[in-house]
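Me: Before we discuss any labels, could you show me the model, so that I can ask how each description was reached?

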Amino acid sequence: MPPRRIESLARTALPEITDDLRTLVELETPSHDKELLDKGLAAVEQWTHRRLGPPDRVRRHDGGPHGDMLELSYGGTAPATVLVLCHYDTVWPADTLAEWPFRVTEDGSASGPGAFDMKLGLVQAVWALRLLRELELPHPSVRLFLNGDEEIGSPASRPHIERLSEDAAATLVCEAAAGPEGALKTSRKGVGLFEVTVTGVEAHAGLDPYAGASAVHALAELVTRIAALGSRERGTTVNVGVISGGTGTNVIAGHAHCAIDVRIAVPAEAARIDAALAALRPADPRVRVTVTGGWNRPPMVPDPGSQLLFKQAQSIAGELGWRLAETSVGGASDGNFVAALGRPVLDGLGAVGGGAHARHEHVLLDHVPARTALLAGLLTACAQ
């Protein structure tokens, strides 16, 4: 039974896998630090060569002000090609390791900046392919894509992801799993990031208050309308997360600004939100409102191809002796881009643990062999 054989080999190799996780975590790769990202990607490329040997094809794509992207292609035993998505950037700033080093605890968890989101997923992807090749099991060609701008919305890597998924039999996303049982993420919300800028008329608050038109007061009026656009029934949330404005307590504010995070479960909600934001008007006609920003990622809505992938994953997990669940989450990933194009994609195949973007970020090492075997099993299934 191939999945069990792979799980057994992965368990034997768990110390090496853990050392690989340490290597990647100790490469600090914050999304906004181009120098560290490029240095980290070079080290990751060398590491993949050590574990898998030279790829059949290497392409490095310029990320501009963001981290570059690396496309590694490995030939398979079957005509099909599978795209595996892994990002190597993290939300953690440089020098986080100085106060929070990688460590493995007695209870079998490992922690460190980026361990859960999502460096263990990358490690598991490489080991899944390595073990398939060691056992000479059938597998498709694998296109491993590593990007360094996922945590900031993948502005540079999105077109590459869309291009690379076009001829892929499936796209497997090695983002972390959901919850302690490691559920796969078959649905994700889309994300919109917007900014509302309000321009009023400044005046002295005591000497000439009625000559002014307060941008702060107008924005306060608009924020309640913006927040009301959320709809629990439609699965839409709206969060006004940042507000600024004014220059002094004795000045009628001439400028005010807010930043908004919108999450939608269904594509149709995007048009409703767009129309409502475009129609924002304050009561005072002297005040001007400008809305900027847009949709960062479309929602991930599973299509029949993606549902079939999940069923295959469930079957493989059953062979391994555990029940695999699916879930919908509010966060987005690069898998959203693939799903929006109607292409089969499965997400959450990475680490089991918790604490994404938080100081208690950790992975549960005991789950690594089974998760590696699950990913390898999916690759084998795509070769048939």
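**The pocket and the annotated site**

Reply: In this predicted model, the largest pocket holds about 450 Å³ of space. Its lining is made up of 23 residues, and those nearest the centre are E150, E151, G331, A332 and H357.

Me: Which helices and strands each supply at least two residues of that lining, and how many of its residues are nonpolar, polar and charged?

Reply: Helix 5, strand 8 (184–188), strand 9 (190–199), strand 13 (255–264) and strand 14 (288–297) each supply at least two residues. By class, the lining has nine nonpolar, five polar and nine charged residues.

Me: Which positions carry the "active site" feature, and where does that label come from?

Reply: The label comes from UniProt, where an unreviewed entry places it at D89 and E150. These two positions are spread over 62 residues of sequence, yet they cluster in space, with a largest C-alpha distance of 6.9 Å. From this set, E150 is taken into the lining of the largest pocket.

Me: Why is D89 called buried?

Reply: The cut-off for buried is under 20% relative accessible area, and D89 has a relative accessibility of 0%, so D89 counts as buried. D89 is found in the loop between strand 3 (81–87) and helix 4 (96–99). Leaving out residues up to four places away in sequence, D89 touches T29, S31, L37, D117, N147, G148, D149, E150, E151 and I152.

Me: What makes the pairing of D89 and S31 a polar contact?

Reply: The distance criterion is a pair of N or O atoms within 3.5 Å, and the side chains of D89 and S31 are joined by a polar contact of 2.7 Å. The value therefore falls within the cut-off.

Me: Why is E150 called buried, although E150 lines the pocket?

Reply: With a relative accessible area of 5%, E150 is under the 20% limit and is therefore buried. The place of E150 is in the loop between strand 6 (141–148) and helix 6 (158–164). Apart from residues up to four places away in sequence, E150 touches H87, D89, E175, R297, A332, S333 and D334.

Me: Why is T29, one of the residues that D89 touches, called buried?

Reply: T29 has 3% relative accessibility, which is under 20%, and so T29 counts as buried. T29 lies in the loop between helix 2 (14–25) and helix 3 (34–52). The side chain of T29 also makes a polar contact of 3.0 Å with the side chain of K119, a value within the 3.5 Å cut-off.

**Backbone details**

Me: Which peptide bond is cis, and what is its omega?

Reply: The bond joining D117 and M118 is cis, with an omega of about -5°. M118 lies in helix 5 (residues 115–134), and D117 is among the residues that D89 touches.

Me: What is notable about the phi of S154, and is S154 buried or exposed?

Reply: Phi of S154 is positive, at about 55°, although S154 is not a glycine. S154 is found in the loop between strand 6 and helix 6. Its relative accessible area of 1% is under 20%, and S154 is therefore buried.

Me: Why is H357 called partly exposed?

Reply: Partly exposed covers the range between under 20% and over 50%, and H357, with a relative accessible area of 44%, falls in that range and is therefore partly exposed. Phi of H357 is also positive, near 65°, in a residue other than glycine. The place of H357 is in the loop between strand 17 (353–354) and strand 18 (362–364).

Note on methods
Residues numbered from 1 in each chain as written. Predicted model: local features only at pLDDT ≥ 70, side-chain atom pairs only at ≥ 80, totals over all residues. Heavy atoms only, no water. UniProt positions renumbered as here; feature names shortened; annotations may be inferred. 1 Å grid on protein atoms, 1.4 Å probe; cavity = no way out; pocket = protein on both sides within 12 Å on 5 of 7 lines; lining within 4 Å. Helix = DSSP H or I, 4+ residues; strand = E, 2+ residues; numbered from the N terminus. Buried < 20%, exposed > 50% of the residue type's maximum accessible area, 1.4 Å probe, protein only. Contact = heavy atoms within 4.5 Å. Polar contact = N/O pair within 3.5 Å; in protein donor to acceptor, adjacent residues only side chain to side chain. Points joined across faces, edges and corners; volume = space filled by probe spheres on them. Nonpolar A, V, L, I, M, F, W, Y, C, P; charged D, E, K, R; others polar.
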